[in-house]
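The following exercises are to be worked with the sequence and the coordinates at hand. Each task is followed by a solution in steps.

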Amino acid sequence: MRASMTGLMPVLSFPSMGLRIVRVADPVELGRIAADLVVETLGARGSAAFVAATGATPMPVYADLAARARDGSFDASTLRAFQLDEYVGISRTDRRSLTAWFDRSVAAPLGIDDERAVRFDGMADLVEGCRRYDAVAAGGLDLAILGLGPNGHLGFNEPPTGPRAPTRVVHLTPASVRSNARYWGSEDDVPRRAITAGMAQLLSAGRVLLLVTGPHKRDILDAVLHGPVSDDVPASHLRRHPDVVVIADVAALPP
Ligand code: PGA
């Protein structure tokens, strides 16, 4: 265990594979511990770049970071933040816009201005948007803050996805449509296509934080950690990454 992890509670570790696991009591503790790691990873590096997922799971992390930004203990204003994914055909003013969610929960509260935020536009030239995103990401990503899909996806890298998949347009699987329906009302409200940061870009990040909460994530987290490394469970490719911290609550990772 690294000195920098002191104070965390690793319950399992596979040091040779670079993957550490922290079990937390609840989302508030998840937020605090993940925010500590974000500050540790990005804080001393003024121009560091990170990918920030939307979705329910990472919200406590951004709330904790926003509180630190307000009290002056964390200056995020010089960081560069990359959106993780966006639905196709959804404008920034649509209630389902993941770009707007990213702006509300990450860019605005952390004081990251337009020049330092890398966003998708679900209404623009999608191929060009993906190309531009990968060109900017090639400058180096220091951190990716990710949730885990019920089907093992990261972003919208739906199964099957290999580790070299670039940023691209994808079709959502039924599992993702179902799980996203809780945000927008019904499955009919969920767009069927999305742009996602590629697995290659996510796996290129210097460190990955994988955040997992709730009993409905228990089986898929078990598959990610203990099943075969397989394109059928895209997040299992994290087991080949040199620096991953999984932070899971007791519901997702029972003692
Ligand atoms: P969440 O899960 O929406 O529960 O945060 C992450 C995901 O499905 O990608």
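A residue is called buried if its relative accessible area is under 20%, exposed if over 50%, and partly exposed in between (1.4 Å probe, protein chains only). The model is predicted, so that local features need pLDDT of at least 70 and side-chain atom pairs count only at pLDDT 80 or more, while totals for chains, interfaces and linings use all residues. Residues are numbered from 1 along each chain as its sequence is written, and side-chain values use heavy atoms, with hydrogens and water left out.

**Exercise 1. Determine whether Arg-68 is buried or exposed, and describe its surroundings.**

Step 1. Locate the residue: Arg-68 belongs to helix H2. Helices (H or I, at least four residues) and strands (E, at least two) are DSSP runs, numbered from the N terminus.

Step 2. Apply the cut-off: Arg-68 counts as buried because its relative accessibility is 16%.

Step 3. List the contacts, defined as heavy atoms within 4.5 Å. Neighbours within four places in sequence aside, Arg-68 is in contact with Arg-32, Ala-35, Asp-36, Val-39, Ser-73 and Phe-74.

Step 4. Look for a charged partner. A salt bridge requires a side-chain nitrogen of Lys or Arg within 4 Å of a carboxyl oxygen of Asp or Glu. Arg-68 forms one with Asp-64, and the closest N and O atoms are 2.6 Å apart.

Step 5. Relate the pair to the helix: Arg-68 and Asp-64 are 4 residues apart in H2 (residues 59–70), and therefore about one helical turn separates them. An α-helix has 3.6 residues a turn, so residues three or four places apart point the same way.

**Exercise 2. State how many salt bridges the rule yields, and examine two further pairs.**

Step 1. The count comes to 13 salt bridges.

Step 2. Take Arg-92 and Asp-103, whose side chains meet in a salt bridge at 3.1 Å, N to O. This pair links distant parts of the chain, with Arg-92 in the loop between E5 and H3, Asp-103 in helix H3, and the two positions 11 residues apart.

Step 3. Assess the accessibility of both partners: Arg-92 is partly exposed, at 47% relative accessible area, whereas Asp-103 is buried, at 14%.

Step 4. Take Arg-131 and Glu-128, where the closest N and O atoms of the salt bridge are 2.9 Å apart. Both residues lie in helix H4 (residues 126–137), 3 residues apart, about one turn of the helix. Glu-128 is partly exposed, at 35% relative accessibility.

Step 5. Check for shared partners: Arg-20, Glu-40, Arg-207 and Asp-243 are joined into one network by salt bridges that share partners.

**Exercise 3. Identify the buried residues of helix H7 and explain why they line one face of the helix.**

Step 1. In H7 (residues 218–226), the buried residues are Ile-220, Leu-221, Val-224 and Leu-225.

Step 2. View the helix down its axis: the buried residues of H7 fall within an arc of 135 degrees, so they line one face. The arc is that of the directions from the helix axis to the C-beta atoms.

Step 3. Find the cover: strand E2 (19–24), strand E10 (207–212) and strand E11 (244–249) are among the elements that cover these residues.

**Exercise 4. Describe the surroundings of the ligand and its polar contacts.**

Step 1. Collect the residues with a heavy atom within 4 Å of the ligand. They are Gly-55, Ala-56, Thr-57, Leu-148, Gly-149, Pro-150, His-153, Arg-182, Tyr-183 and Lys-217.

Step 2. Inspect the distances to ligand oxygen atoms. An N or O atom in the side chain of Thr-57 is 2.5 Å from one, a polar side-chain atom of His-153 lies at 2.7 Å, and a polar side-chain atom of Tyr-183 lies at 2.6 Å.

Step 3. Evaluate the cover: taken alone the ligand exposes 280 Å², of which the protein buries 89%. Accessible areas come from the Shrake-Rupley method with a 1.4 Å probe.

**Exercise 5. Locate Pro-160 and characterise the peptide bond that leads to it from Pro-159.**

Step 1. Pro-160 lies in the loop between strand E7 (143–147) and strand E8 (168–171).

Step 2. The peptide bond from Pro-159 to Pro-160 is cis, with omega near -5 degrees. Most peptide bonds are trans.

Notes:
Polar contact = N/O pair within 3.5 Å; in protein donor to acceptor, adjacent residues only side chain to side chain.
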